[in-house]
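User: I am new to this structure and would like to understand the reasons behind the words used to describe it. Please set each value beside its definition as we go.

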Amino acid sequence: WSSDVCSSDLRITPQEAAKLKWLLLDQPHILAHFEEVFRRADLAMPATVTRTNSVALIKSVMRRGDFATCVHGEFLTAEIEQGRIIAARAPAFEYVFGCGLFSRTDQPPSSAAEHVIATIRQRCQPRRSSAVNAKN
């Protein structure tokens with residue numbers, strides 16, 4: 001499920017999510033946030049939580065329809081648009097994580113580094129201001 005590419009009115013609560021089988025990216029910050037959602041709701045973790053670092057595996061399993069996932073919507077945009085995966089809003093599972101870019105201070109960034117910096121800045125803009133700018 002994704003909150004950022006979902007156009008449906010389907011919403012999932014932690015209580016409903018606790019009953020599902022889950023497939024998650026095997027990253028410490030993702031698992032910690034996932035566990036925190038259930039802890040805050042005073043719920044036990046779901047009985048089935050499978051972890052993988054393969055986005056291809058997540059896509060394949062999700063197309064079968066017997067698992068739920070909580071990944072950035074861009075990973076599944078094509079499948080959602082094709083109707084092969086149903087996206088639902090799950091506000092309790094939304095999270096913001098930090099990122100950084102290390103560069104050398106003794107020389108200016110290369111054009112490739114400048115492109116990465118510009119992309120990060122553009123992507124990190126609040127969604128609301130992007131929508132407003134798109135209308136102007």
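User: What share of the residues of the protein count as buried, and what makes a residue buried?

Analyst: This is a predicted model, in which local features need pLDDT of at least 70 and side-chain atom pairs count only at pLDDT 80 or more, while totals for chains, interfaces and linings use all residues. Residues are numbered from 1 along each chain as its sequence is written, and side-chain values use heavy atoms, with hydrogens and water left out. Of the 136 residues of the protein, 26% count as buried; the word buried means a relative accessible area under 20%, exposed means over 50%, and partly exposed lies in between (1.4 Å probe, protein chains only).

User: How do you know which helices and strands the protein has?

Analyst: Helices and strands are DSSP runs numbered from the N terminus, where a helix (H or I) needs at least four residues and a strand (E) at least two. By that rule the protein has six helices and two strands, and along the sequence they follow the pattern α-β-α-β-α-α-α-α.

User: Why is Leu-24 called buried, and which residues is Leu-24 in contact with?

Analyst: Leu-24 has a relative accessible area of 1%, so Leu-24 is buried. This residue is found in strand β1, residues 22-25. Contact means heavy atoms within 4.5 Å, and, leaving aside neighbours within four places in sequence, the contacts of Leu-24 include Leu-31, Phe-34, Val-49, Thr-50, Ile-58 and Thr-69.

User: Where is Thr-69 found, and why does Thr-69 count as buried?

Analyst: Thr-69 is found in the loop between α3 (55-64) and α4 (77-81), and its relative accessibility is 0%, so Thr-69 counts as buried. The side chain of Thr-69 also reaches the backbone oxygen of Leu-23 at 2.6 Å.

User: How many aromatic pairs does a search of the whole structure find, and what makes two rings a pair?

Analyst: Rings of Phe, Tyr and Trp (its six-membered ring) pair if their centres lie within 6.5 Å, and the planes count as stacked under 30 degrees apart, as edge-to-face over 60 and as tilted for the rest. A search of the whole structure finds two aromatic pairs. The rings of Trp-22 and Phe-34 have centres 5.0 Å apart and planes at 65°, so this pair is edge-to-face. The pair links distant parts of the chain, with Trp-22 in strand β1 and Phe-34 in helix α2 (residues 28-40), twelve residues apart. The rings of Phe-34 and Phe-38 have centres 5.0 Å apart and planes at 70°, so this pair is edge-to-face. Phe-34 and Phe-38 both lie in helix α2, four residues apart, which is about one turn of the helix, and Trp-22, Phe-34 and Phe-38 form one aromatic cluster.

User: Why are Trp-22, Phe-34 and Phe-38 called buried or exposed?

Analyst: Trp-22 is buried because its relative accessible area is 0%, Phe-34 is buried because its value is 2%, and Phe-38 counts as buried because its relative accessibility is 0%.

User: How do you know that Arg-51 forms a salt bridge with Asp-26?

Analyst: A salt bridge is a side-chain nitrogen of Lys or Arg within 4 Å of a carboxyl oxygen of Asp or Glu, and the closest N and O atoms of Arg-51 and Asp-26 are 3.5 Å apart. The pair links distant parts of the chain, since Arg-51 is in strand β2 and Asp-26 in the loop between β1 and α2, 25 residues apart. Arg-51 is partly exposed because its relative accessible area is 46%, and Asp-26 is partly exposed because its value is 32%.

User: How many salt bridges does a search of the whole structure find?

Analyst: The search finds six salt bridges. Among them is the one between Asp-66 and Arg-64, with closest N and O atoms 2.8 Å apart, and Lys-59, Arg-63 and Glu-79 are linked in a network of salt bridges.

User: Which elements have the lowest and the highest mean pLDDT?

Analyst: The term pLDDT is the predictor's confidence in each residue, from 0 to 100. Helix α6 (residues 127-135) has the lowest mean pLDDT among the elements, 36, and strand β2 (residues 49-52) the highest, 94. Where pLDDT is low, the predicted coordinates should not be read in detail.

Definitions and conventions: Polar contact = N/O pair within 3.5 Å; in protein donor to acceptor, adjacent residues only side chain to side chain.
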